[in-house]
Structures are given as C-alpha cells and as structure tokens.
Amino acid sequence: MKEPNLKTTLCGVKLKNPLVLASGIVDTTASSLIYALNNGAGAVISKSISPEPRKGHKEPIIHALEEDSMINAVGLSNPGINESIKELKDAKKRTKEPIIANIFASSIKDFGTSAKKISEAKPDLIEVNISCPNVEDEFGKPFSCDPDIASQVTKEVKQNTRIPIIIKLSPNVANIAIIAKAVEEAGADAITCINTVGGMVIDTETATPILTNKGGGLSGAAIKPVAVKAIYDCYKAVNIPILGTGGVSTGNDAIEHIMAGAVAVGLGTAVYFRGINVFNKINKEIADFMKKHNYKTIKDMIGIAHK
C-alpha cells in the first residue's frame, strides 16, 4: 500500500497534514510560529490578539494536573494588534504554510475593528475567539453563550474582512450545536470545537483556589471526550468545516476528532507537556493507523463515525 496522504483542507486552505498549533501555545512571535511549522505542524494559530496590549492575570496562572491536563487563567496577555501584525507579516514572509490569526475583543464593534486591522497582515484564516471566559459581553458572559450575540459578532467580523473566519466555540453551554448553527447562518466559514472547559482547583492546605483568577480553563487529556462529542454534535448540525481542538495527545486522539467530523485537529496542551516534536510523533501515529486500516486519505475518515 502507498503511504497514506495526510493532506487536508480548511476553508479551502491546504494543509500538509491535519495537525494545527492551537492558539495560546508557543505562538506569540513569528519565530515561534515558524518553529512549530518546521517541527511537523500543518498550520499554526497565533496567540489571541486584542485591540490594545493586555497584561493578563498575575501568577499563578497555570496549574498542571495529572494525565497531560492543566487548568489555566493566563488572562489573554498579548502585545496588542499593532505589534502582532508585525509578527504575522514576518511569519508570512518566512513560510508558505498556513498562518491563522486569532482575535478577541470586549465588544461586538471591536471584533469588527480588529478583523479589519488584522487583515492587513494577510493571514490565511482568522480564528475569532468568542469563547474565552476572560472576555465577556455586556451581560457578563462570554460572547459564545448566546446564539444571537454569537451571530452578531460573526456578522460584524464578516463585514470587515474578506479572509475566511473560524468561530471558536465554548463547551460551557447547554447546546453547542445551536451556537454552531447560529454562527454558520451568520456567515462563519468554519468553527473550532472547543475552547477550554471551565473549572477550578483548590489548595486544601490553605483552603484557597490555586489560580489567582480563582476559576480557569481546563485543557488537555481530561477534556477529550467533551471535545469529541462537541465535534460530533456540531458535524450533524452544520455544513461548514470543523477544526477539532481538545485533549489530543496521540494519533488515536486525533483520529477520534477526525472520525467525529473534524477536517483538522488542534494541539495545545500536548505541546506544553510533550514538546514541539509531538507534531511529528502524532503524524506518524496517524499514518501508521491509516496504513493498518487501509485509509488512503484524511478525507476517508472525516465524519465516518456518523455512518
């Protein structure tokens, strides 16, 4: 049998393999993005970018858990959109592989302004972070919690860029498929399933939450089943591509995401625990699985669990 073809596409953008560096992990500078691409990533997503520089929360902001999981409340620290554009432009000059810009804002209007501004860097795609618990709408909840508000953000972004947009959804809702359908109808070109799961860890010796922000986002192996179900449910509800993200540490994890309906798979916490070579390792595991089970292309596996 020929070597399996790991290529895939996301909103018409070609990826050499289905693995994507998720937003928030070694992705602030052009050099860090290129580093991931040179070590096996098929595409990379920048750290979330805000209209103005943002310091984030005070330490402690990350707490590692067992089984390749962690909880964090970094607070979306970043140098702001003007500095980030410089890094994205630099990255685009240094590679032909896909560069995805991730943006967030504190108002619907600012999402549009940020989309227009970040488009100057000409990223291949724009991921719109409406689901981080650190960013809330005027009612005190993430923009992704309400289908109408999520739709408004999507429409505002679409009106301010010609670059395809991916709306990043939250698992912390009653029915993620309803939100997915709403943003699809509002013009989203793809969705990311999922952002982190809300959680908390308490130090029982001091009787206080470990993170300065008290609550945080749970990521890594612990949330893989949540991510797989979200992808599965959204695949049934929408016709746009899904970027699966959540709990992927092995080739089999990635294949679960793909079989649930993802066209590509994000890696974040796995890079934190296992290092940058995790991309090459997982790509090999995917290829080995495909050879063993006679899958010729990634497309052959996308959504197959629904049959």
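A residue is called buried when its relative accessible area is under 20%, exposed when over 50%, and partly exposed in between, using a 1.4 Å probe and protein chains only. By that yardstick, 56% of the 307 residues of the protein are buried. This is a predicted model, in which local features need pLDDT of at least 70 and side-chain atom pairs count only at pLDDT 80 or more, while totals for chains, interfaces and linings use all residues. Residues are numbered from 1 along each chain as its sequence is written, and side-chain values use heavy atoms, with hydrogens and water left out.

**View 1. Welcome to the whole protein, with its nine helices and 16 strands.** Helices (H or I, at least four residues) and strands (E, at least two) are DSSP runs, numbered from the N terminus. The C-alpha trace spans about 55 × 50 × 40 Å along its principal axes. Among contacts (heavy atoms within 4.5 Å) between residues at least 6 apart in sequence, 70% join residues at least 24 apart.

**View 2. Here we meet helix H7, residues 251–260, which is mostly covered.** Eight of its ten residues are buried, among them Asp253, Ile255, His257 and Met259. What lies over these buried residues? The cover includes strands E3 (19–21), E15 (242–245) and E16 (264–267), together with helices H6 (224–237) and H9 (278–293). Just past the end of H7, look for Gly261, which has a positive phi of about 140 degrees.

**View 3. Phe111 and Phe143 form an edge-to-face pair.** Rings of Phe, Tyr and Trp (its six-membered ring) pair if their centres lie within 6.5 Å; planes under 30 degrees apart count as stacked, over 60 as edge-to-face and the rest as tilted. The count by this rule is three aromatic pairs. For Phe111 and Phe143, the ring centres are 5.2 Å apart and the planes stand at 85 degrees, so the pair is edge-to-face. The two partners sit 32 residues apart, with Phe111 in helix H3 (residues 108–118) and Phe143 in the loop between strand E8 (125–129) and helix H4 (147–158). Both Phe111 and Phe143 are buried.

**View 4. Phe289 and Tyr295 form a stacked pair.** Their ring centres lie 6.1 Å apart and their planes meet at 10 degrees, so this pair counts as stacked. Are these two residues buried or exposed? Phe289 counts as buried because its relative accessibility is 19%, and Tyr295, at 17%, counts as buried too.
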